[in-house]
Amino acid sequence: MPLMNCTPSQLEIRSVVGMGRANSTTQTELTAYFRRGHDEEIQHRVSSIAGGSSGVVALIGQPKSGMKRALWEAIRSSKPGMLAPLLDGWWIWPGTSPSDPRSLLARIGELPARTVLWLPNAARYLLDHGPEVGEQVARELRDLVYDARRGPVMVLLTLSQGDIHRLTASSSGAQAALSVHARQLLAGNVISVPDRFTEAEVVTARNSEDPRIVEAAEHSSDGYVIQYLVEAPDFQARFSLAGPVARAILQCLIDARIIGHDPWVRAQLVRAGALGYLPEWERARLGESWFEEAIDQLTACGVGETGMLLVRSGDDSGETATERMFRLNDYLECQFVTEAGRHALPAPHLWSSLFSFAAPGSLIPLGRECRRRGLIREAARFFLLVRNGATSAARRELADMMRGCGRFDEALDLHRAAAGSHVPAAVLAGGQILLEAGRPEAAAEWLGQAIGPGDAESLKLEAIAYVEAGQRQKAVEVYRRLAKGGDVNAAVVAAEMIAEESGYEKGVSFLSVQRSATGLNTLAGIAELVVEHVDEGRAVEWLRDHAQSGDADAYLVGADLLLGLGEIEEALQWCDHAIKLEVAGARIHAARMYARAGLSDTALAHAREAARRGEPQALAEVAKVHVERGLRRRAMECYADAASCGHDESWVSAAEQAAVLAEMSTAADYYRRARRAGSPQAAARIAVALCRSGPPETVHEALRWYVGVVESAGPDSVLPVAQFLRGDAATVAIEAYSARHGADLGTAMKWLAEGFASAARKATAANASLQESVNTAKFLGDVTPREFGGAVYWFEQAACYGYPAARVQAAELLLEFDRTSEALVLLREVQSTGLLRRTDPRLLVALIREKHFDEALAMIESELDVGETALIGDVVSALLRVDRTKDAMRLLSRAVDAGNVSARVILADRQVRQNRCDKALDHYLVAYCRGRADVWEKVERILKGNGDSTTLGELRMYGVTVEGKPSLPWTLEDLAGDLTAVGGDGQDRYRD
């Protein structure tokens with residue numbers, strides 16, 4: 001069979017379509033390929049054989065380590081720098097794998113040159129049919145490879161570690177004679193394939209363009225990414241084929257997780273909840289052991305070593321150590337909870353089971369999730385069910401929710417008992433509630449319960465409450481208490497209030513007493529008070545008198561005040577006095593002031609003395625002044641001196657100044673010394689400065705340095721230097737990235753392309769913002785950023801160097817920038833290679849924009865017919881853009897009927913624009929309870945616009961029902977009574 005006509009499934013390469021339900025419309029048969037360390041060696045050997053020299057490539061690794069896929073990618077790769085296939089015109093045997101050794105022996109003499117022998121799991125040919133047959137196969141393969149007249153041919157094998165041991169282990173006698181050809185066949189041709197990703201590879205895989213790779217990297221354990229991908233289709237198939245009872249159990253677990261239950265779920269909840277998913281006639285048929293039989297089926301292993309469900313004994317409360325608990329496996333968790341469950345609700349019957357049997361540790365998470373969805377009544381019930389050590393935490397959560405709902409009295413009642421016991425957090429929370437409720441007198445009385453030294457926040461709030469209540473004298477008394485505890489800000493506030501009531505002299509006197517009695521540095525507060533009520537001159541006078549009376553700190557406060565008045569010479573004299581009297585921080589002040597006065601030598605002398613005394617930041621202060629004055633070299637030297645004295649942050653500043661001076665080696669050396677003080681942002685500033693100030697050679701050197709020091713392998717690192725990546729500079733950056741991260745050129749090109757794409761988007765957003773700021777859509781016209789062309793070009797280049805999916809990214813960018821006809825051509829080309837599904841949303845959008853309506857609509861309808869609605873948002877937006885409103889509305893209605901919450905929000909948004917707000921409100925509330933918390937602002941906007949403050953207030957206070965309707969009024973006492981009636985202790989907890 002011609003190699004180019006062969007499909008992955010014919011060669012036993014597993015399809016992974018079915019992962020990522022939210023993205024299933026964009027999935028191809030195989031994932032995007034993730035190149036690893038061994039791929040380069042495989043590609044080198046395959047390329048060598050393709051060049052005309054027959055050979056063997058044998059991969060050794062554990063099952064499900066990606067060996068077949070690695071060989072497939074190598075034989076389907078392109079010639080370097082070209083789109084033409086490396087093995088164009090080659091054949092492959094067997095056309096459908098696996099075959100058997102006898103068929104191989106019968107056909108091997110007839111195989112033409114330029115044939116790939118595809119022998120995965122080669123033990124089937126070399127071991128499973130006995131040593132004689134295996135040795136005969138090995139001998140024939142060797143003869144084929146060594147016969148130059150029949151070449152080139154390529155023999156590809158995969159073996160496990162156990163297989164290779166059996167074939168090559170030392171032996172003697174007849175057994176050794178029966179494995180000699182197998183040993184020679186493998187000698188020098190073995191490449192080891194690790195069964196797990198390294199930590200660095202997992203991090204990189206999380207940034208893949210293929211959501212299945214991202215999912216596997218994020219959810220697999222210990223780097224077993226490929227195993228996750230291999231097992232996923234089996235799990236999906238088993239889920240689809242599960243019987244009604246097994247499906248009911250799975251759905252019960254999924255629904256419990258969707259609404260916030262922890263992964264491990266009690267058997268009681270699963271058993272009780274699962275029954276509700278079965279029709280009555282199905283329940284009537286169940287035998288006594290129905291649950292155990294279904295659990296056995298679901299916990300049995302399939303392709304991998306994991307069942308659909310995992311099981312353990314005991315729950316998180318430790319009360320029932322023998323009770324079983326179940327959880328979904330990682331794949332089902334991701335597909336039906338993480339991905340699909342964000343906009344879903346549990347089946348109505350499950351709520352009672354959750355209230356009765358939810359694990360204790362899940363009650364608070366369940367309450368939080370219900371609160372997020374506006375299900376306030378359900379949230380309150382979960383919080384009220386919490387007992388034992390978590391009761392206080394649940395009460396705080398419940399009180400915070402009731403406060404947020406505007407139900408202040410109920411929130412306050414939840415804090416009353418703890419506040420009565422002088423618990424600081426409860427006292428503070430209650431005071432905040434009363435202030436928010438507009439009851440400052442009650443807040444002040446409540447906050448008066450604060451008695452401990454750790455209650456400073458409550459005291460501050462008490463003072464604010466007195467101020468709002470108009471009881472300023474009491475507020476001053478509270479601030480006095482805080483000042484005695486060492487709060488200088490409280491002392492200043494008290495002084496300001498005293499000054500307003502009794503004159504500024506009284507305020508100054510109060511602060512002076514505080515300084516002498518408690519040691520608080522209130523001098524700055526005194527100066528501000530005098531300036532505010534008299535003038536700067538009087539403040540200077542007061543500070544001079546105070547300084548001459550022995551309070552040397554006044555010299556520094558006065559120096560700052562004099563500097564602000566422009567009295568530089570006198571300010572310097574005051575600094576000198578402070579230095580003589582050894583006031584803390586005086587030399588730093590002096591260094592900065594002398595530098596601003598232009599007396600650099602004196603400034604530097606003070607800074608160096610400060611550094612000698614353990615204050616190297618003084619040198620940095622002088623350096624900052626030099627930067628402001630444009631003295632870059634002096635600034636660099638000061639920063640370097642500061643850093644040498646222990647101020648590590650100054651190494652970065654010194655490097656930046658060296659970069660402005662175009663001193664590449666100096667900048668790099670300073671940055672290297674920065675250690676922890678270095679950052680990607682600082683490296684970017686240095687690189688940009690070097691690129692701006694130097695010739696092309698310096699630009700190239702700066703880019704190599706920048707890419708080499710930045711830890712991030714993501715495309716955002718391109719953004720700061722994108723403007724300099726032209727011509728050869730782009731190639732320099734690609735080579736530097738490849739060397740820094742051990743990546744192939746294709747990966748590096750994709751990195752650069754993604755960086756250019758981000759830069760193009762940023763430039764477009766800036767253009768739009770500028771147009772908006774001048775209130776015109778014509779200010780700059782339709783400008784396509786220069787980075788856009790660079791992104792498309794390098795995506796195409798990445799595709800030529802082993803990343804064909806990069807062409808899809810190029811098409812996405814073309815669509816984003818309204819280059820639709822080019823995008824459509826590119827997407828059709830990609831689709832023809834099998835990398836794109838027929839109903840890919842990007843292709844559908846391009847078809848719609850180019851007015852191929854019949855073709856696009858037929859594909860969309862086929863997806864909706866099988867319940868797939870994930871593509872509806874993009875498609876409807878495209879249809880509305882080209883005025884196909886009728887088609888858009890019809891598709892939206894179908895998607896809403898199928899349960900797509902995003903479609904419901906899109907429909908509601910359109911109804912708002914049509915002034916059909918009542919209809920829109922109904923859709924928004926359904927979306928709200930199904931997890932679209934972002935629509936609450938739209939609900940508020942509608943109700944405020946309609947002047948319906950009553951409905952808005954009730955929604956805030958009581959939330960919505962699980963059906964998406966406004967909830968009827970209810971109280972916590974009602975709920976607590978309901979819980980008591982069914983055997984709970986909610987009422988006692990509520991009244992505590």
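User: Before we look at strand β1, what makes a residue count as buried or exposed here?

Analyst: Happy to start there! Buried means under 20% relative accessible area, and exposed means over 50%. Keep in mind that this is a predicted model.

User: Thanks. What makes you say that both faces of β1 are covered?

Analyst: G55, V57 and L59 lie on one side, while V56, A58 and I60 lie on the other, and all are buried. Each is therefore under the 20% cut-off. In a regular strand the side chains alternate between the two faces of the sheet.

User: Why is β1 called largely enclosed?

Analyst: Six of the six residues of β1 (residues 55-60) are buried, so the rest of the structure largely encloses this strand.

User: How do you know which strands pair with β1?

Analyst: Pairing needs at least two bridges between two strands. β1 and β4 (residues 153-159) are joined by six bridges and run parallel; V56, for instance, stands opposite V155 in β4. With β5 (residues 190-192), β1 shares three bridges, again in parallel, and A58 has V190 as its bridge partner there. Both counts meet the minimum of two, so β4 and β5 each pair with β1.

User: Now the sheet β6-β8-β7: what makes β6 and β7 its edges?

Analyst: This is an open sheet of three strands with antiparallel pairing, in the order β6-β8-β7. β6 (265-266) and β7 (309-313) each have a single partner strand, so one side of each lacks a neighbour in the sheet.

User: How do you know that β6 pairs with β8?

Analyst: Two bridges join β6 to β8 (residues 324-328), and since at least two are needed, β6 and β8 count as a pair. One bridge partner here is F326 in β8, opposite V265. Helix α12 (residues 244-258) lies across β6, β7 and β8, at about 80° to β8.

User: Let's turn to helix α25. How do you know that its length fits its number of residues?

Analyst: α25 (residues 472-484) has 13 residues, which at 1.5 Å a residue should span 18 Å; the end C-alpha atoms are 18 Å apart, so the two agree.

User: And what makes you say that its buried residues line one face?

Analyst: The buried residues of α25 are A475, V476, V478, Y479, L482 and A483. Down the helix axis they fall within an arc of 160°, so they line one face. These residues pack against α24 (456-468), α26 (488-502) and α27 (504-518). The face turned away from the buried side carries the exposed Q473 and K484.

Terms used: Residues numbered from 1 in each chain as written. Predicted model: local features only at pLDDT ≥ 70, side-chain atom pairs only at ≥ 80, totals over all residues. Heavy atoms only, no water. Helix = DSSP H or I, 4+ residues; strand = E, 2+ residues; numbered from the N terminus. Contact = heavy atoms within 4.5 Å. Axes fitted to C-alpha atoms, helices over the stretch in contact; angles between N-to-C directions. Buried < 20%, exposed > 50% of the residue type's maximum accessible area, 1.4 Å probe, protein only. Expected span 1.5 Å × (residues − 1). Arc of directions from axis to C-beta.
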